[in-house]
Every structure is written in structure tokens, then in C-alpha cells.
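Let's take a friendly walk through one protein model, stopping at a pocket, some helices and a few loops. Keep the structure open beside you as you read.

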Amino acid sequence: MTGKPKPERKKRILLIEDDRTLNRLMTDQLNRLGFEARGVYSRDDALSSIREFVPAAAILDMPLPDSDGMTFLPELSEHCPVVILTAYGSIGQAVDAVKSGASEYLIKPASPQSLELAVNRAIDNAALKKSAEYWQSKAEQGSRLGMVGESVSINRVRDIIDLVANADTT
């Protein structure tokens, strides 16, 4: 039975921008670009939102009322990829931001196309990294037995090996 395909879930974006007008404008812009965007104004608001909103990516302004963006960046990047968006950018700051966990670095004003590209690239790169880590761990597990794979047959072979591995027999 074929039914209608499920609609793709919109990627959730958390915008952390203390300028309320710019926050509202950018949140609207992100929603028009097809994301599900939520705007917050501070580090504390962001941490509260991460737990219940679970964003695919965050856009972080550098100066915040309760934190410096560079200080908050390592903590935020543990939860999701982070795109830095700042009005006062420099090459040195961009390098430091990437070293601290930023996936992308943009200078205001960023065009809608640049913003969309940066956010999608950050999400895609995070997904690729997660996939690579998963397959690397599988390869490491399989290499202990000299086998790599996830088919039903190879898993059955592993189960049999586990059953007889400790038997004192030839």
C-alpha cells in the first residue's frame, strides 16, 4: 500500500541575537527560507530553548547581554552546529571562532542566500561528521573480528562467534 510521502520536517534554527528588531527580521527571513526558526536574546534564553526546541543549528551573535559569543561558543557547539553572525568581524576572530567550534562565520548584513547556504552547510557537515564517526566505530568493532558490515548474515555470523568463542573445543 502506497500512501502519501511524509512531508519533510523543517530544520529548526535557533537565532541568538540581542537586537530585538534584527532578531524578529532574521527569524521571519529564516522562516521564509523554509526553516523553523526561533529567536532568543541571550545565552540563558538559548540554553533554555535548546532543551525543548532541539535545533538542527544555531546562529550566534557575538556580543550578548549576558555573555560574550566567543565564551559561549564552545558550550553551544556541543549541542548543534553554530553559525557566527557578527557586525564586527575580523579574520583573526573568524579563525578563533572556528577553533572554538563555529561551523561557519558571516559578517552582517548577510544576504538571505548566504545565510541559507551557511546554515545548510553547517547542518550537512555536522551530519556527515556524525555518520563518519558512526561508521568509524563500526569499522573498529568489525576489525576486531576481521569483519565489517551490517547485513543480517554478517550479524548472524557474529552471533555464532559470540556463542562459541569461549568454548573449550576445536
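Helix H5 (residues 112-145) supplies seven residues to the lining of the largest pocket, the largest share of that lining. Helices (H or I, at least four residues) and strands (E, at least two) are DSSP runs, numbered from the N terminus. In total, 14 residues line this pocket, and Ser 77, Cys 80, Pro 81, Ala 126 and Lys 129 lie nearest its centre. The space in the largest pocket is about 390 Å³. Its lining has seven nonpolar, five polar and two charged residues. Here Ala, Val, Leu, Ile, Met, Phe, Trp, Tyr, Cys and Pro count as nonpolar, Asp, Glu, Lys and Arg as charged, and the others, Gly among them, as polar. A pocket is found on a 1 Å grid over the protein atoms alone: an open set of points where a 1.4 Å probe fits, with protein on both sides within 12 Å along at least five of seven lines, and lining residues have an atom within 4 Å of a point.

Please bear in mind that this is a predicted model, where local features need pLDDT of at least 70 and side-chain atom pairs count only at pLDDT 80 or more, while totals for chains, interfaces and linings use all residues. Residues are numbered from 1 along each chain as its sequence is written, and side-chain values use heavy atoms, with hydrogens and water left out.

Now for helix H1 (residues 20-32). Its 13 residues should span 18 Å at 1.5 Å a residue, and the end C-alpha atoms are indeed 18 Å apart; the expected span is 1.5 Å times one less than the number of residues. Which residues of H1 are buried? They are Asn 23, Met 26, Thr 27, Gln 29 and Leu 30. Seen down the axis, the buried residues of H1 fall within an arc of 160 degrees, so they line one face of the helix. Arg 20 and Arg 32, on the other side of H1, are exposed. Buried means under 20% relative accessible area, exposed over 50%, and partly exposed in between (1.4 Å probe, protein chains only). The arc is that of the directions from the helix axis to the C-beta atoms.

Helix H3 (69-77) has its own buried set: Gly 69, Met 70, Phe 72, Leu 73 and Leu 76. These cover an arc of only 150 degrees around the axis, which puts them on the same side of H3.

Next come some short distances between side chains and their partners.

| Side chain | Partner | Distance |
|---|---|---|
| Asp 68 (oxygen) | Met 70 backbone nitrogen | 3.2 Å |
| Asp 19 (oxygen) | Thr 21 backbone nitrogen | within 3.1 Å |
| Glu 17 | Asp 19 backbone nitrogen | 3.1 Å |
| Glu 17 | Lys 108 side chain | 2.7 Å |

A polar contact is a pair of N or O atoms within 3.5 Å; within protein, one must be able to donate a hydrogen and the other to accept it, and residues adjacent in sequence count only if both atoms are side-chain atoms.

Finally, the loops. Is Glu 17 buried or exposed? Glu 17 counts as buried because its relative accessibility is 2%. Glu 78, in the loop between H3 and strand E6 (82-86), counts as exposed at 68% relative accessibility. Val 54 is also exposed, with a relative accessible area of 53%, and its phi is near 50 degrees, a positive value in a residue other than glycine. The peptide bond from Lys 108 to Pro 109 is cis, with omega near -10 degrees.

Key: Grid points are joined across faces, edges and corners, and a volume is the space filled by probe spheres set on the points.
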